[in-house]
Amino acid sequence: MRREVPLELLPRLRRVRDHIDRHYREPLDLDELARVAAVSKFHLVRCFEATYDETPIRYLTRRRIERAQDLLRNANLTVTEICMMVGFASLGSFSARFSQLVGETPTAYRDRWAARGAPHVPGCFLFMRGSMDLRGTAGDGSAGSRGAADDGGTVSGNGTGGGIAAQSRRSPAQAASPRLGS
């Protein structure tokens with residue numbers, strides 16, 4: 001039997017999803033997410049799962065893995081660097097969850113994409129540009145929707161539109177010259 005979620009709670013649940021999308025790199029727990037929704041953590045889990053077919057923590061883990069997939073495809077970073085950048089505290093738990101959700105190890109996933117010959121964005125460039133802000137998503141925080149990237153090249157979302165993938169399509173001259181206003 002499917003649980004009915006009160007309509008007035010749906011905007012709060014969306015706020016929680018947006019909060020996870022913006023802060024996936026940070027250590028998040030149910031208590032913090034429940035404060036965002038202004039409900040108990042138990043009520044949050046029940047209603048979030050009834051609405052989105054997964055718990056808030058599963059959603060957070062899936063978002064981190066999606067972001068890791070984007071970085072593995074497009075950035076010249078080690079698996080450990082990517083693991084830490086997307087919010088995992090342990091390489092072992094990252095690799096296990098990645099393998100469970102994707103069906104292959106992070107290294108095998110990167111190698112499979114590298115065989116296609118797509119150019120990688122150098123990791124040093126990402127750090128230098130501030131695209132990899134280890135404190136969380138850089139910018140004003142308004143780019144909380146999926147796949148959003150601000151003008152400074154900050155990447156957030158699931159890799160379906162902006163960010164690193166867009167930077168890798170820039171010409172070498174564009175990539176070497178800093179943008180005005182950033």
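**Exercise 1. Find which residues touch the most other members of the largest nonpolar core, and which elements build that core.**

Solution. Start with the core itself: it has 32 residues, and Leu44, Val86 and Phe94 are the ones that touch the most other members. Keep in mind that you're looking at a predicted model. Next, go through the elements. Two or more residues come from each of helix H1 (10-23), H2, H3, H4, helix H5 (79-85) and helix H6 (91-102). The top contributor is H4, with six residues. As background, nonpolar side chains tend to be buried together in soluble globular proteins.

**Exercise 2. Pick Leu44 and list its contacts, leaving aside neighbours within four places in sequence.**

Solution. Click on Leu44 and skip anything within four places in sequence. What's left is Leu13, Val16, Leu30, Leu33, Ala34, Ala37, Val39 and Pro56. Hang on to Leu30, Leu33, Ala34 and Ala37 from that list, as they come back in the next exercise as H2 residues.

**Exercise 3. Work out how helix H2 and helix H3 are arranged, and which residues make their contact.**

Solution. First, the geometry: the axes of H2 (residues 30-37) and H3 (residues 41-52) come within 9 Å and cross at roughly 80 degrees. Angles of 65 to 115 degrees count as roughly perpendicular, so H2 is roughly perpendicular to H3. Now the residues. On the H2 side you'll find Leu30, Asp31, Leu33, Ala34 and Ala37, and H3 answers with Lys41, Leu44 and Val45. Finally, sort them by class: six nonpolar, two charged and no polar residues make up the contact of H2 with H3.

**Exercise 4. Take Ala38 and Asp53, two non-glycine residues with positive phi, and decide where each sits and whether it is buried or exposed.**

Solution. Begin with Ala38: phi is near 60 degrees, and the residue lies in the loop between H2 and H3. The cut-off for exposed is over 50%, so Ala38, at 57% relative accessibility, is exposed. Then move along to Asp53, where phi is near 65 degrees. This residue belongs to the loop between H3 and helix H4 (56-74). Its relative accessible area is 57%, so Asp53 counts as exposed too.

**Exercise 5. Decide how far to trust residues 134-182.**

Solution. Check the overall score: the protein averages a pLDDT of 76, with 63% of the residues scoring at least 70. Then look at residues 134-182, where pLDDT stays under 50. The model does have 82 contacts beyond four places in sequence for that stretch. Still, where pLDDT is low, the predicted coordinates should not be read in detail.

Notes. Residues numbered from 1 in each chain as written. Heavy atoms only, no water. Axes fitted to C-alpha atoms, helices over the stretch in contact; angles between N-to-C directions. Helix = DSSP H or I, 4+ residues; strand = E, 2+ residues; numbered from the N terminus. Parallel < 35°, antiparallel > 145°, perpendicular 65-115°, else oblique. Contact = heavy atoms within 4.5 Å. Nonpolar A, V, L, I, M, F, W, Y, C, P; charged D, E, K, R; others polar. Buried < 20%, exposed > 50% of the residue type's maximum accessible area, 1.4 Å probe, protein only. Core = buried A, V, L, I, M, F, W, Y, C linked by side-chain atoms within 4.5 Å. pLDDT = per-residue confidence, 0-100.
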